[in-house]
Amino acid sequence: MIERDDHRLRKGFEALRREDAAGTPPFWATVAAARARQAAARGHRALRLAAAVVVAVAAVVVVSTWRERDGIRLDVDLATVRWQAPTDFLLKLPGDELLRSIPQLGLGGLDRRTL
Amino acid sequence: MSPADLTAELEHLHAAAFGWALSCCGWDRTAAEDVLQASYLKLLDGRARFDGRSSFRTFLLGVIARTAREARRRSALRRWLPLASLVLGPEAVDGRPDPAMALTRADETARLVRALGRLSTRQRQVLHLVFYEDLTIAEAATVAGVSLGTARTHYERGKAALRKLLEGERE
């Protein structure tokens with residue numbers, strides 16, 4: 001009974017396969033359509049990228065215009081920015097303050113006890 | 001596999017591949033053509049490579065199944081996010097049988113297609129792979145991406161459900 005049913009199912013699927021095969025688009029037409037679609041997709045991707053760049057630039061312009069109108073400016077004074085590396089102390093020599101100061105000659109600057 | 005060999009293999013299996021794409025897309029012809037084109041592109045561009053672990057037929061049907069799943073996911077995203085179509089491009093999978101195609105079918109096959117449409121996706125896939133594509137249950141499991149035991153269960157339950165549905169349609 002089950003085998004007979006299987007046979008009936010198999011026959012049904014065979015008929016379905018024959019009908020589908022009759023309506024199958026030609027292989028080379030499918031490949032050509034796929035290539036054409038790929039080229040179109042590339043064009044659309046470039047267009048979408050360009051649109052995204054335009055939107056981003058427009059957003060930056062709009063935001064900066066609003067901020068300037070409200071009196072908020074993003075000024076960065078580079079002269080006040082000083083970055084100190086954590087290893088800067090390694091470059092420090094013992095007694096280097098003597099090298100950075102001007103030696104004073106004359107009586108005012110000398111210890112009288114050493115004279 | 002050289003590009004010439006690949007093209008020859010694809011041409012040889014084209015009818016079977018189209019039948020499988022139809023099944024994966026619920027017999028929506030336009031969607032099936034889109035899925036088949038996308039699958040061929042993946043293979044010809046080298047994005048999907050045949051490593052010889054299975055037969056080429058099993059590998060090709062697996063690529064088509066994955067591509068159809070991706071198309072369904074994109075379609076679902078498009079339904080939920082109206083603006084997603086701007087990024088994802090035009091709609092490919094409708095998920096409904098093609099009316100023109102349904103009209104040209106014989107009564108018996110039209111009944112079979114309707115009954116298959118009422119099975120679960122996995123049951124439909126396994127039955128299609130075994131009866132239509134002449135694969136073994138183990139090969140069908142590889143294509144559908146399930147274990148052999150799961151494929152066997154889908155096969156037996158699917159067959160019983162399909163028999164019942166076809167008998168119901170005859171009465």
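## A helix with a buried side

Let's start with helix α4 of chain B, where T58(B), F59(B), L60(B), L61(B), V63(B), I64(B), A65(B), T67(B), A68(B), A71(B) and R78(B) are buried. This is a predicted model, so everything here describes a prediction.

How far should α4(B) reach from end to end? The helix covers residues 56–80 of chain B, which is 25 residues, and at 1.5 Å a residue it should span 36 Å. Its end C-alpha atoms turn out to be 36 Å apart, so the expected span and the model agree.

## Where α4 meets α9

Now look for helix α9 of chain B, residues 137–144. It packs against α4(B) at an angle of about 35 degrees, and the two axes are 8 Å apart. The crossing of α4(B) and α9(B) is right-handed.

Which residues do the touching? On the α4(B) side they are T58(B), L61(B), G62(B) and A65(B), while α9(B) brings E139(B), T142(B), V143(B) and A144(B). Sorted by class, this contact between α4(B) and α9(B) has four nonpolar, three polar and one charged residues. Three of these names may ring a bell: T58(B), L61(B) and A65(B) are also among the buried residues of α4(B).

## Chain B as a whole

Step back and you'll see that chain B is built with ten helices and zero strands. Reading from the N terminus, the order of elements is simply α-α-α-α-α-α-α-α-α-α.

Chain B has 171 residues, and 42% of them are buried. If you take the contacts in chain B with a separation of 6 or more, 63% are between residues 24 or more positions apart.

## Where the two chains touch

Chain B doesn't come alone: 25 of its residues are in contact with 24 residues of chain A. On the chain A side, α1 (2–22) and α2 (27–69) each supply at least two of the residues that touch chain B. Which of chain A's elements gives the largest share of that side? That would be α1(A), with eleven residues.

What kinds of residues does chain A use there? The side that touches chain B has eleven nonpolar, six polar and seven charged residues.

## How confident is the predictor?

For chain B, the mean pLDDT is 83, and 84% of the residues reach 70 or more. For the complex, the predictor gives an ipTM of 0.75 and a pTM of 0.65.

Key:
Residues are numbered from 1 along each chain as its sequence is written. Chains are lettered from A and ligands numbered from 1 in the order in which they are written. This is a predicted model: local features need pLDDT of at least 70, side-chain atom pairs count only at pLDDT 80 or more; totals for chains, interfaces and linings use all residues. Two residues are in contact if their C-beta atoms, placed from the backbone, lie within 7 Å. Helices (H or I, at least four residues) and strands (E, at least two) are DSSP runs, numbered from the N terminus. Ala, Val, Leu, Ile, Met, Phe, Trp, Tyr, Cys and Pro count as nonpolar, Asp, Glu, Lys and Arg as charged, and the others, Gly among them, as polar. pLDDT is the predictor's confidence in each residue, from 0 to 100. The expected span of a helix is 1.5 Å times one less than its number of residues. A residue is buried if 20 or more other C-beta atoms lie within 10 Å of its own, exposed if 12 or fewer, and partly exposed in between; C-beta atoms are placed from the backbone. Axes are lines fitted to C-alpha atoms, for helices over the stretch in contact, and angles run from 0 to 180 degrees between N-to-C directions. A crossing is left-handed if the near helix is turned anticlockwise from the far one by less than a right angle, and right-handed if clockwise.
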